[in-house]
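Student: Could you take a close look at a single part of this model and then follow its contacts outwards? I would like the cut-off behind each term as you go.

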Amino acid sequence: MNPFGENNFLSAMAKLSQSRYERDVALVSASQQEILLADLDSPKPLLINEKGFDIIAEIKRKSPAEGKISTEGLSLSDQAKDYITGGAIAVSVLTEPDYFGGSFDDLSGIAFNSNSLPVMCKDFLVSPYQIRQARLAGASGVLLIAGILNSAELEQMFCAANDLDMFVLFEVFDQDDLEKILSLLEKIGNATEERLCRYLIGVNCRNLRDLEVNFSHFETMLAKLPNNVPWVAESGLKTILQAEQLAQWGYRLALAGTTLMKSNNPSRMVADLAAAGRAKCL
């Protein structure tokens, strides 16, 4: 259900993100950020098993579509540890505050206690400044949504992340989104080198303009996706059978959030989803 009625949810989130950026940049200058970044350790690398199937496990407190997700008293750090135990390849942390209840504090609390596992900042980022914020909070990667960024902005944002040795998950929903990414890929080189991943392409089966989910959309997009970039299936993953189907379609990763947050045994759920996909890999 779209909480914005007839308005475009994705556009509304981008406007909120722009407001946050303008507020934050007034508090901490870019030069101050650079000084702080100089004291950080290198980001944790994202290592891809190109012939396997892996889970990016997400931390989220609530969502516009699902409402409140996490239970009272849930330790996000313990949830992340369960994901790690289950074999997640990375942890995604939703930092959007207004409709997802997240923060950079959530991100840092997990990123600086996740051992060797990379943590990704998932938000509606609109400025390179916010990428530096994510890095300061311990993120090793960021989500960039093609639906709210034009081609020039996507390139600028990718370069900002790449300069910080962070990986990027480019999120697309339709052909128009994908065209922006494909034009950029010609400039930025290989996605992976010896399993080390610089960027991935994620297909979201939830239309963030109206919040409707259509799992078959993953199949619809197959013919359009480049074969030399790892594909990530975002949203909608609930069952073992769906994990098998994604792997058969050629997706090598899936980002799972609500299903894991609601699970009584998230560690086992991560392991089972990954194992199901690996059994069906092409």
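Tutor: The answer starts with one helix, moves to the sheet beside it, and ends with some local details elsewhere in the chain.

The model is predicted, so local features need a pLDDT of at least 70 and side-chain atom pairs count only at pLDDT 80 or more, whereas totals for chains, interfaces and linings use all residues. Residues are numbered from 1 along each chain as its sequence is written, and side-chain values use heavy atoms, with hydrogens and water left out.

The part to look at is helix H7, residues 175-188, where helices are DSSP runs of H or I with at least four residues, strands are runs of E with at least two, and both are numbered from the N terminus. Its 14 residues should span 20 Å at 1.5 Å a residue, and the end C-alpha atoms are indeed 20 Å apart; the expected span is 1.5 Å times one less than the number of residues. Asp 177, Leu 178, Ile 181, Leu 184, Leu 185 and Ile 188 are the buried residues of H7, buried meaning under 20% relative accessible area, exposed over 50% and partly exposed in between, with a 1.4 Å probe and protein chains only. Viewed down the axis of H7, these buried residues fall within an arc of 125 degrees, so they line one face of the helix; the arc is taken from the directions from the helix axis to the C-beta atoms. An α-helix has 3.6 residues a turn, so residues three or four places apart point the same way. Asp 176, Glu 186 and Lys 187 are exposed on the other side of H7.

The buried residues of H7 pack against helix H6 (151-163), S7 and S10, contact meaning heavy atoms within 4.5 Å. H7 lies across S7 and strand S10 (199-204), and runs at about 150 degrees to S7, with axes fitted as lines to C-alpha atoms, for helices over the stretch in contact, and angles running from 0 to 180 degrees between N-to-C directions.

S7 and S10 belong to a barrel closed by 8 strands in the order S1-S4-S5-S6-S7-S10-S13-S14, with parallel pairing; two strands pair if DSSP finds at least two bridges between them. Neighbouring strands of this sheet are turned by 25 degrees against each other on average, direction ignored. Strand S6 (residues 141-145) runs parallel to S7 (residues 167-172) and is joined to S7 by 5 bridges, and Ile 145 stands opposite Glu 171 in S7.

Two residues with positive phi sit in the loop between strand S8 (192-193) and strand S9 (196-197), one of them being Glu 194, whose phi is near 50 degrees although Glu 194 is not a glycine. Arg 195, found in the loop between S8 and S9, has a positive phi of about 75 degrees, again in a residue other than glycine. Glu 194 is exposed, with a relative accessible area of 81%, whereas Arg 195 is partly exposed at 46%.

A contrast in burial is given by Gln 79, which lies in helix H3 (residues 76-86). Gln 79 is buried, with a relative accessible area of 5%, and touches Ile 59, Leu 74, Leu 260, Met 261 and Pro 266, not counting residues up to four places away in sequence.
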